[in-house]
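Trainee: Could you take me through one part of this model closely? I'd like to hear about the sheet and what packs around it.

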Amino acid sequence: MTASSDVLLFMLPPDWYTPDDLEAVRRTAPELEVMVENERERILALLPRIVVGVGHVPFDLLAEMPRLRWVQLWHAGADAILSYPAAQAHPFVLTNASGVHAVPISEHILSLLLAFARGLPKAFKAQQARRWESPDWEEVFELEGKTLLLVGVGAIGARTAQVAATLGVRVLGVRRHPEQPAPGVAAMYPPDALHELLPQADFVALTLPLTPETKGIIGAAELALMKPTAYILNIGRGAAIDEPALIEALRAGRIGGAGLDVFAEEPLPPDSPLWAMENVIITCHYAGKTPVYDQRAMAILLDNLERFRQGLPLRNVVDKMLGY
């Protein structure tokens, strides 16, 4: 390669890929010089040559990459890169790893549904205290016949709907394009139907990216529309829920409980009232973790790299204006 060759900047932690993965990238795009680099000072010298960026590309330097044509993120959320004005002004194509999380997060959501239905939070507490304690009949319930409202039906929501429907759960969906159906979703609605749907739901699950439209989508008014027995689940972005309003609704018993994997501030501060609430299940932003995450993300990269070389449409293109 000459000093003027086009560069694919590969910026991932070493334990996120194997030597074979890197070799596959080089084989797929032999005309690009694949540079594995995480040192900022060395990256500065490469900026005029970068055509493709993979992973943790220095977002603050986008304006200094005149030849950049494509960035492949290693995660689904694009809010971090899109917080830089240059990201929207620059003509490069942005793609994400949407779909990688569909299996683990749908299973995480199902775990929360079952945990609340079978009274597992109290059971775990009793086990720790070595106390033989059986819940009252009305303290447990069945998922069959319940209604799950999915707010955001992308890859994660679609698989969640399929799994939940097999258990007899009626699934309603909210998405920007309700004309696009999804298996397992009994009926799809536009975002402006949210208020009329909330009173019907036994569970409300947020599987949303963070955009100006989704920030604070669930506030005091929305929580007030929910059944007092309903549960809210959030595995998307913490800022989608007005956290003080949620805490107040939980304290007042206006909703049944919450299963939360994401929060407005992370790590969740030790003094947050959410930690001590018996009707809240907290997981520490790991709903999307799976041992095969990097394998799936690498498959998306290699597929997109081949498409890029052939001038074909890329998978998982992010609309920079919408944020997903």
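Mentor: Here is the sheet, followed by its helices and the cores. This is a predicted model, so local features need pLDDT of at least 70 and side-chain atom pairs count only at pLDDT 80 or more, while totals for chains, interfaces and linings use all residues. Numbering starts from 1 along each chain as its sequence is written, and side-chain values use heavy atoms, with hydrogens and water left out.

Let's start with the strands. The sheet is open, has 7 strands with parallel pairing, and runs in the order E8-E7-E6-E9-E10-E11-E12. Strands here are DSSP runs of E, at least two residues, and helices are runs of H or I, at least four residues, numbered from the N terminus; two strands pair if DSSP finds at least two bridges between them. Strand E8 (187-189) and strand E12 (280-282) sit at the edges with a single partner strand each, so one side of each has no neighbour in the sheet. From one strand to the next, the twist averages 15 degrees (axes are lines fitted to C-alpha atoms, for helices over the stretch in contact, and angles run from 0 to 180 degrees between N-to-C directions).

Now zoom in on one pair. Strand E9 (residues 203-206) and strand E10 (residues 231-234) pair in the parallel sense over 4 bridges, and Leu 206 has Asn 234 in E10 as its bridge partner.

Next come the helices. Helix H5 (residues 102-117) packs on the sheet and touches strand E6 (147-151), E9, E10, strand E11 (257-260) and E12, where contact means heavy atoms within 4.5 Å. The direction of H5 makes about 155 degrees with that of E10. Helix H10 (residues 243-251) also packs on the sheet, touching E10, E11 and E12, and its direction makes about 140 degrees with that of E11.

What about the nonpolar side chains? A nonpolar core is a set of buried Ala, Val, Leu, Ile, Met, Phe, Trp, Tyr and Cys residues joined through side-chain atoms within 4.5 Å, and buried means under 20% relative accessible area (1.4 Å probe, protein chains only). The largest such core has 32 residues, and Leu 149, Val 204, Leu 223, Ile 232, Leu 246 and Leu 274 have the most contacts inside it. Elements giving two or more residues include E6, E9 and E11, but H10 gives the most, with 5 residues. Not counting residues up to four places away in sequence, Leu 274 touches eight others, if you list them: Glu 243, Ile 247, Leu 250, Leu 260, Phe 263, Leu 268, Val 280 and Ile 282.

Conventions: Buried < 20%, exposed > 50% of the residue type's maximum accessible area, 1.4 Å probe, protein only.
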